[in-house]
Amino acid sequence: MSLRKKFILGNWKMNLTSEEIQRFFSDFNESYNPKDKLNVGIASSYPYLELVKKLSMDLILTGSQNIHFENSGAFTGEVSPLMLKDFGTSFSIVGHSERRQYFGETSTVVSKRARAALNHNIIPIICIGESRAEFEAGTTFKIIEEQLIESINNCLFEGQKIFPVIAYEPVWAIGTGLSANKEQVDAVHLFILDKLTNLLTNLKLSTDSVSVIYGGSVNTKNCGELTRLESVDGFLIGGSSLKPVELNEIIELSF
Ligand code: PGA
């Protein structure tokens, strides 16, 4: 297994009320088995950051689904890194395809958000992934390279201590039940790792610093074979992370 850090992160998206979150943790905590060197976390909606932290009893990392790049100011509807730090947020998802698709987030903005997270010791989970049309047109690697380079711009610098995580999430695999197969995942992850190695080496940073995780219909059936790939450092999980038993099973079966 590589020395890169391993992550299993839930992305609850715009789901679960406080009552449902209480039920989630009463089931989750009962069977959760922390694993050595595996970082497990959940990104809830903003209003529930504190509740998730309290109910998870700090056994897992808590995260947000976005982050703004300024500390304060006239940015209606946004939440700043300072505020997220206040709630003990350990990681922030940035550039999720739903943000890119429905809210016009560009890789330039994603890179600003990611850098602001790093400046506050919050791990940015930078999402990249091709659409179905791009996949079918055979342009996956071109799109991945563009999104990766533009989104990670300014997020790698000499002497840094906290590093971004790259989440490869093919848009066509998100919420569809159609996960990319292990050959596809491996090929794209190796491609990303190769690009990262060049960037990291130029900055004299360890090539093991940046983890690459997969997202898109991860479940109890496909998690085992995917984490057996050397190129896969874990998952960003939507649907299956809403079900405590399934999430625990994925943690159990992975790595
Ligand atoms: P999914 O979502 O696991 O439901 O496909 C993944 C994601 O959007 O991060």
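**Overall fold and ligand surroundings**

The protein is built from ten helices and eight strands. The model described here is a predicted one, and a look at its overall dimensions is a helpful place to start. Taken along the principal axes, the C-alpha atoms occupy a box of roughly 45 × 45 × 35 Å. The radius of gyration is 17 Å, which agrees with the value near 18 Å that a compact globule of 255 residues would have.

With the general outline in place, attention can turn to the ligand. The second largest pocket is where the ligand sits. Around the ligand there are 13 residues, and the closest of these are K13, H96, E169, G175 and S217. By character, the surrounding shell consists of seven polar residues, four nonpolar ones and two charged ones.

Several contacts can be followed atom by atom, beginning with the backbone. G175 places a backbone N or O atom 2.6 Å from an oxygen atom of the ligand. S217 also takes part through its backbone, with an N or O atom that lies 2.7 Å from an oxygen atom of the ligand. For N11, the side chain is involved instead: one of its N or O atoms is 3.5 Å from an oxygen atom of the ligand. Of the 290 Å² of accessible area that the ligand has on its own, the protein covers 95%.

Definitions and conventions. Residues are numbered from 1 along each chain as its sequence is written. This is a predicted model: local features need pLDDT of at least 70, side-chain atom pairs count only at pLDDT 80 or more; totals for chains, interfaces and linings use all residues. Side-chain values use heavy atoms; hydrogens and water are left out. A residue is near a molecule or strand if one of its heavy atoms lies within 4 Å of it. A polar contact is a pair of N or O atoms within 3.5 Å; within protein, one must be able to donate a hydrogen and the other to accept it, and residues adjacent in sequence count only if both atoms are side-chain atoms. Accessible areas come from the Shrake-Rupley method with a 1.4 Å probe; for residues, only the protein chains shown count as cover. On a 1 Å grid over the protein atoms alone, a cavity is a set of points where a 1.4 Å probe fits but cannot get out, and a pocket is an open set with protein on both sides within 12 Å along at least five of seven lines; lining residues have an atom within 4 Å of a point. A molecule sits in a cavity or pocket if more than half of its atoms lie within 2 Å of its grid points. Ala, Val, Leu, Ile, Met, Phe, Trp, Tyr, Cys and Pro count as nonpolar, Asp, Glu, Lys and Arg as charged, and the others, Gly among them, as polar. Helices (H or I, at least four residues) and strands (E, at least two) are DSSP runs, numbered from the N terminus. The radius of gyration is taken over C-alpha atoms; the globule rule is 2.2 Å times the number of residues to the power 0.38.
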